[in-house]
Amino acid sequence: MRDVLYLEQIEQAEALLKPQRIEVLRQLAEPRSCTEVAAVLDQTPQRVYYHVKRLVEAGLVTLVSERRVRGINEGVYQASARSYWLSPRLVGRLGLRRAQDELSLGYLLDLVEQVQADIAGLDRTRPELPSLGVSGEIRLRPDQRQEFFDDLKTTLQDLFARYGGAEGDAFRLAVACYPMEEETDE
């Protein structure tokens, strides 16, 4: 099972985005037969099989084994991935791309879309690709934002200069800073 399956075909999205199929897919996090899934979801095995068949056709579920039960072959299925990402290209860009500064939400959305496409393009046959994720929370007053951005840019430019040589494995570094939703104590 992969960690992530990147969906770039509209047929895959259509197969996935049906509430009952999502429930079937959740049940297939572990290998199970349609009969086993049907019992959990209080459905008929035939109804579950119909949805499983569509998920298999879309590449979202895999037949992992077969077993003989009362004279018939019963398939055992498993979800193809732990997570499914929908490519923004499924909808396409609406309207023209506008020139945006590095402090705009539009710039951040374009960056996230590029990161998502890059990750989706990685060699999926390698189970553990070296990567690094760092996350933290900062608090900035409006008058500090530009100064913070300038400091961050200087720090990153220093790292790019130190580690931007022609030798070694290539990595892309993307930094995103976005507002957090305030938590309420209700």
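# Getting to know a predicted model

Trainee: In which helix does F160 lie?
Mentor: This is a predicted model, where local features need pLDDT of at least 70, side-chain atom pairs count only at pLDDT 80 or more, and totals for chains, interfaces and linings use all residues. Residues are numbered from 1 along each chain as its sequence is written, while side-chain values use heavy atoms and leave out hydrogens and water. Helices (H or I, at least four residues) and strands (E, at least two) are DSSP runs numbered from the N terminus. F160 belongs to the run of residues 145-163, helix α6.

Trainee: Is F160 buried, partly exposed or exposed?
Mentor: Let's start with the cut-offs: buried means under 20% relative accessible area, exposed over 50%, and partly exposed in between (1.4 Å probe, protein chains only). F160 has a relative accessible area of 47%, so F160 is partly exposed.

Trainee: How much accessible area does the nonpolar patch of F160, L173 and V175 have together?
Mentor: A patch takes residues with over 30% relative accessible area and no salt bridge, joining like charges within 9 Å and nonpolar side chains (Val, Leu, Ile, Met, Phe, Trp, Tyr) within 5 Å. Accessible areas come from the Shrake-Rupley method with a 1.4 Å probe, and for residues only the protein chains shown count as cover. On the surface, F160, L173 and V175 together have about 270 Å².

Trainee: What pattern does the protein chain follow along the sequence?
Mentor: The chain's secondary structure comes to six helices and five strands. Read along the sequence, they give β-α-α-β-α-α-β-β-β-α-α.

Trainee: How many residues does the largest nonpolar core have?
Mentor: Such a core is a set of buried Ala, Val, Leu, Ile, Met, Phe, Trp, Tyr and Cys residues joined through side-chain atoms within 4.5 Å. Among those with the most contacts inside the largest one are V24, L28 and Y84. Elements including β1 (2-7), α4 (45-57) and β5 (81-86) each supply at least two residues of this core. The number of residues in this core is 20.

Trainee: Why is the pair of Y6 and W85 edge-to-face?
Mentor: Rings of Phe, Tyr and Trp (its six-membered ring) pair if their centres lie within 6.5 Å; planes under 30 degrees apart count as stacked, over 60 as edge-to-face and the rest as tilted. The centres of the Y6 and W85 rings are 6.4 Å apart, so they fit the distance rule. Their planes stand at 75°.

Trainee: How far apart in sequence are the parts that Y6 and W85 tie together?
Mentor: Y6 is buried at 6% relative accessibility, whereas W85 is partly exposed at 27%. Y6 lies in strand β1 and W85 in strand β5, so the parts they tie together are separated in sequence by 79 residues.

Trainee: How many salt bridges are there?
Mentor: Side chains of opposite charge can pair when their charged atoms come close. A salt bridge is a side-chain nitrogen of Lys or Arg within 4 Å of a carboxyl oxygen of Asp or Glu. One of them joins E57 and R54, with the closest N and O atoms 3.5 Å apart. By this rule the count is seven.

Trainee: Which residues do salt bridges that share partners join into one network?
Mentor: R67 pairs with E36, their closest N and O atoms being 3.3 Å apart. R67 also pairs with E74, at 3.0 Å, and E74 is buried at 15% relative accessible area. The network is made of E36, R67 and E74.
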